[in-house]
Amino acid sequence: MLSRRKLLQRLSSFPLLGGMFGSTIPFVSTQAATAVVKRDLFKELGVRTFINAAGTLTYMTGSLMQEEVLQTIQYAAQEFCLLDELQDKVGERIAKLVHSEAAVVTSGAFSALTLGLAGVLTGTDQKKVEQLPHLEYTGMKSEVIVQKGHDIVYLHSLMNTGCKIVFVETVEDVEKAINERTALMWFLHIQSDKGKIKHEEWVALGKKHNIPTAIDIAADVPPVENLWKFNDMGFSFVAVSGGKAMRGPQSAGILMGKKEIIAAARMHMPPRGFNIGRGMKVNKEEILGMYVALENFIKQDFSKLWKTWEDGVAHIQNTVKPITGITTEVTVNPLGNHTPTLKIEWDTNKIKMAGKDLQEKLRLGNPSIEIGGSGPSHINLTVWMMKPGQEKVVATRIKEELTKASA
């Protein structure tokens, strides 16, 4: 075992980083840490990496963090602070950026929805907080109203609290469904075209009956205005992912909304352990990383960014269009994953290949490429998660495989 003297002698060779104890505590600087021999851990473990032509999909690990976010995480990892104090300060800054009364960094949009509803159910009553998800023992409200067209797997975020989902279709259905057990009216933005009741009317119904309203916009920036649009509209709380277009930590998100709801939601969050949200932990690294990612996302030049996406898609489109039998189409989803998406389709009489086969050839090639899906005679892809220059690699590989399959 090293003696204290020998340990200090070894550590004294590293640069010092002043902290709450001044310069008496030695730390390894970022530069020193990165000077260590780098390991290709993906290669060591046999984990395939790839060019992402699919988008911000969780099973593909979302997005790549901004360089400044990575630097922020490295910085945060070298100091201690009180978790609640950091959430207080960061929450105040975020709230100003997104036009909300309050905000808190969560472990993704899913947890933001669970925590937001939990806060609505319990307020800051610790006894109620400790009871969730056993609503029947407390007399708490227990139902969430949702439009049938908004019914997707993420409703589990709400059911985690013990609440029951009540489905509606029309305004009349909402009026009939509301009762003394109704806790929340939940809205899913990306499915807003699948429901009969639109955003403003949903909020108005909630206000009419004094019922909080929530909206899930997990993957629905850009446009950047969505970060404050629904707060301005009057939703009681809003949940958004941090690891998609904002390129913050994939494990982070933001819950924003009414001050009393955010304060109550935090009763269900770490460092407290008497709640359903103890496992939804975010540490100082994710909190600061999410804050920096949000700042950078809001202040960036979106017209310039959009132009790079258009140019990337156009390069791939122009590369494959000369192949006989090919047709292409560029679309933009107006509600979520709002970026240019390219569909490449072909005449199977001229190109003898199924979409799934092309998808597999791209996946197994070198470099490996993941696209956004396929059909019997088409593939879909996007460029917004590619590194600069990767659109050229993707274009070349798709052209190669389609040319080989040409009759």
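This briefing describes the annotated domain, the strand arrangement and the cysteines of the structure above. The model is predicted. UniProt, in an unreviewed entry, places the feature "domain: Aminotransferase class V" at residues 93–265. An open sheet of 7 strands with mixed pairing is described below.

**Annotated region**
- Across residues 93–265, helix accounts for 36% of the chain and strand for 21%.
- The C-alpha atoms at the two ends of residues 93–265 are 18 Å apart.

**Sheet**
- The 7 strands of the open sheet follow the order S2-S8-S7-S6-S5-S3-S4, and their pairing is mixed.
- Strand S2 (102–106) and strand S4 (164–168) stand at the edges; each has a single partner strand, so one side of each lacks a neighbour in the sheet.
- On average, neighbouring strands of this sheet are turned by 25° against each other, with direction ignored.
- Strand S3 (residues 143–147) and strand S5 (residues 182–188) run parallel and are joined by 4 bridges.
- Ile145 stands opposite Met185 in S5.

**Helix against the sheet**
- Helix H5 (residues 83–98) lies across S2 and strand S8 (253–257).
- The direction of helix H5 is at about 115° to S2.

**Cysteines**
- The structure contains 0 disulfides, a count that requires a pair of cysteine sulfur atoms within 2.5 Å.
- Cys163 has a relative accessible area of 5% and is therefore buried, the cut-off for this class being under 20%.
- Cys81 counts as partly exposed because its relative accessibility is 43%, a value in between the cut-offs of 20% and 50%.

Technical notes:
Residues numbered from 1 in each chain as written. Predicted model: local features only at pLDDT ≥ 70, side-chain atom pairs only at ≥ 80, totals over all residues. Heavy atoms only, no water. UniProt positions renumbered as here; feature names shortened; annotations may be inferred. Pairing = 2+ DSSP bridges. Axes fitted to C-alpha atoms, helices over the stretch in contact; angles between N-to-C directions. Contact = heavy atoms within 4.5 Å. Buried < 20%, exposed > 50% of the residue type's maximum accessible area, 1.4 Å probe, protein only.
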